[in-house]
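Let us go through this structure by asking what earns each label. Each answer sets a value against its cut-off.

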Amino acid sequence: MSERKVLNKYYPPDFDPSKIPKLKLPKDRQYVVRLMAPFNMRCKTCGEYIYKGKKFNARKETVQNEVYLGLPIFRFYIKCTRCLAEITFKTDPENTDYTMEHGATRNFQAEKLLEEEEKRVQKEREDEELNNPMKVLENRTRDSKLEMEVLENLQELKDLNQRQAHVDFEAMLRQHRLSQEERRQQQEEEDERETAALLEEARRGRLLQDSDSEDETVPPAPRPAVRPNPTSILHEVPKAKRKADGRTQLAGLVVVKKTKAQAEGGPVQARGPDAPQRRTEAGPAPQAPSTSSLSQLGAYGDSEDSEGSS
């Protein structure tokens, strides 16, 4: 069983490579390659900008009858990303660059123009010096003066760098710190002066207020309210006893009015437990025509005792 990945091919014994027919392809044939835009360009058809580095699937061909020092020149065909118009450019081995052919315009590049200008000036100078020896002397004198100026400027820069190298940055930082401390101390002194002025003004105002208050009469201080003693209720006399004491005190003030029989010298009826019954049997006693206030007060005390007993 043969292997799937074979590296060696079988050649028969009668194999002759000269008998293999050669493939004849046209010289201007085109290949499809993947490339990036070599410079910034703008489409002439729609005005779309195509920036350097944008990728395209381009067609590549060899330019006929154009060679630089034996190097072939290639042409590339791309399409605009907006309107699909065809844009072509080719290689420039002489300037190691690319040249725009048609379909777009190359955007302005200051660096490329500067290089071209320098090359043009250098070429003109060489042409002048070729046939004019005085011009060669003038150019050499000008170059020597320019070189001396450059050396002087370089020496000045070196001296400046040496001066900066001897700068003591620690001393500068120390001076900066001292200046900061001085400003802080000055600020603290100003704050202290302002505080002292405010305290002095407050003290003067207090002295004026005290002098005015001495002239006026000082009102007496209010006495604190007397709070009742919580244990005073233990020493209070009961209510019934207070009523009895009041009755005994009023009994000495009440004077009973004598009846007619007592006034004539008749027998005085004894007062006992059966006295009210006898009085009811005999009939109601005649009421006194007028009673005093003390008698009414005694009767009021008897009514309270009777209510308390009931």
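Q: Where in the hairpin of strand 4 and strand 5 does a residue take a positive phi?
A: The residue is Leu 69, with a phi near 55°. The hairpin has two residues between its strands. This is a predicted model, so that angle, like every value below, is computed.

Q: What makes strand 4 and strand 5 a pair?
A: Pairing needs at least two bridges between the strands. Strand 4 and strand 5 (residues 71-79) have six bridges, in the antiparallel sense. Therefore they count as paired. One contact shows the register: Arg 59 has Tyr 77 as its bridge partner in strand 5.

Q: How do you know that strand 1 pairs with strand 4?
A: The test again is at least two bridges. Six bridges join strand 1 (residues 31-36) to strand 4 (residues 55-68), so the pair qualifies. The two strands run antiparallel. Tyr 31 has Lys 60 as its bridge partner in strand 4.

Q: Why is the contact of Glu 48 with Arg 82 called a salt bridge?
A: The cut-off is 4 Å between a side-chain nitrogen of Lys or Arg and a carboxyl oxygen of Asp or Glu. The closest N and O atoms of Glu 48 and Arg 82 are 3.8 Å apart. That is within 4 Å, so the contact counts. The pair links distant parts of the chain, 34 residues apart. Glu 48 sits in the loop between strand 2 (41-43) and strand 3 (49-50). Arg 82 sits in the loop between strand 5 and strand 6 (86-92).

Q: Is each partner, Glu 48 and Arg 82, buried, partly exposed or exposed?
A: Exposed means over 50% relative accessible area, so Arg 82 at 59% is exposed. Glu 48 has 25%, which lies between 20% and 50%, so Glu 48 is partly exposed.

Q: What makes Glu 66 and Lys 90 a salt bridge?
A: Their N to O distance is 3.1 Å. The limit is 4 Å, so the pair counts. This pair also links distant parts of the chain: Glu 66 is in strand 4 and Lys 90 is in strand 6, 24 residues apart.

Q: Why is Lys 90 called buried, and what is Glu 66 called?
A: Buried means under 20% relative accessible area, and Lys 90 has 17%, so the label holds. Glu 66 has 29%, so Glu 66 is partly exposed.

Q: How do you know that Arg 120 and Glu 117 form a salt bridge, and how are they placed in helix 1?
A: Their side chains meet at 2.1 Å, N to O, which is within the 4 Å limit. Both lie in helix 1 (residues 110-131). They are separated by about one helical turn because they are three residues apart there. Arg 120 has 38% relative accessibility and counts as partly exposed. Glu 117 has 37% and also counts as partly exposed.

Q: What makes Glu 61, Glu 66, Arg 75, Lys 90 and Glu 101 one network?
A: Salt bridges that share partners join these residues. The structure holds 13 salt bridges.

Q: How many disulfides are there, and why is Cys 46 in none?
A: There are zero disulfides. The nearest cysteine sulfur to that of Cys 46 belongs to Cys 83, 3.5 Å away. A disulfide needs sulfur atoms within 2.5 Å, so Cys 46 is in none. Cys 46 is partly exposed, at 25% relative accessible area.

Q: Why is Cys 80 in no disulfide?
A: The nearest cysteine sulfur, that of Cys 46, is 3.6 Å away. The limit is 2.5 Å, so the pair fails. Cys 80 has a relative accessible area of 1%, so Cys 80 is buried.

Q: Why is Phe 89 called buried?
A: Phe 89 has a relative accessible area of 1%, and the cut-off is under 20%, so the label holds. Phe 89 is in strand 6. Its C-alpha is 5.6 Å from that of Phe 76, while the two are 13 residues apart in sequence.

Q: What lines the second largest pocket?
A: The lining has 13 residues, and Asn 95, Asp 97, Lys 112, Glu 115 and Glu 116 lie nearest the centre. Eight are charged, four polar and one nonpolar. Helix 1 gives the largest share, five residues. The space in this pocket is about 290 Å³.

Note on methods: Residues numbered from 1 in each chain as written. Predicted model: local features only at pLDDT ≥ 70, side-chain atom pairs only at ≥ 80, totals over all residues. Heavy atoms only, no water. Helix = DSSP H or I, 4+ residues; strand = E, 2+ residues; numbered from the N terminus. Buried < 20%, exposed > 50% of the residue type's maximum accessible area, 1.4 Å probe, protein only. 1 Å grid on protein atoms, 1.4 Å probe; cavity = no way out; pocket = protein on both sides within 12 Å on 5 of 7 lines; lining within 4 Å. Points joined across faces, edges and corners; volume = space filled by probe spheres on them. Nonpolar A, V, L, I, M, F, W, Y, C, P; charged D, E, K, R; others polar.
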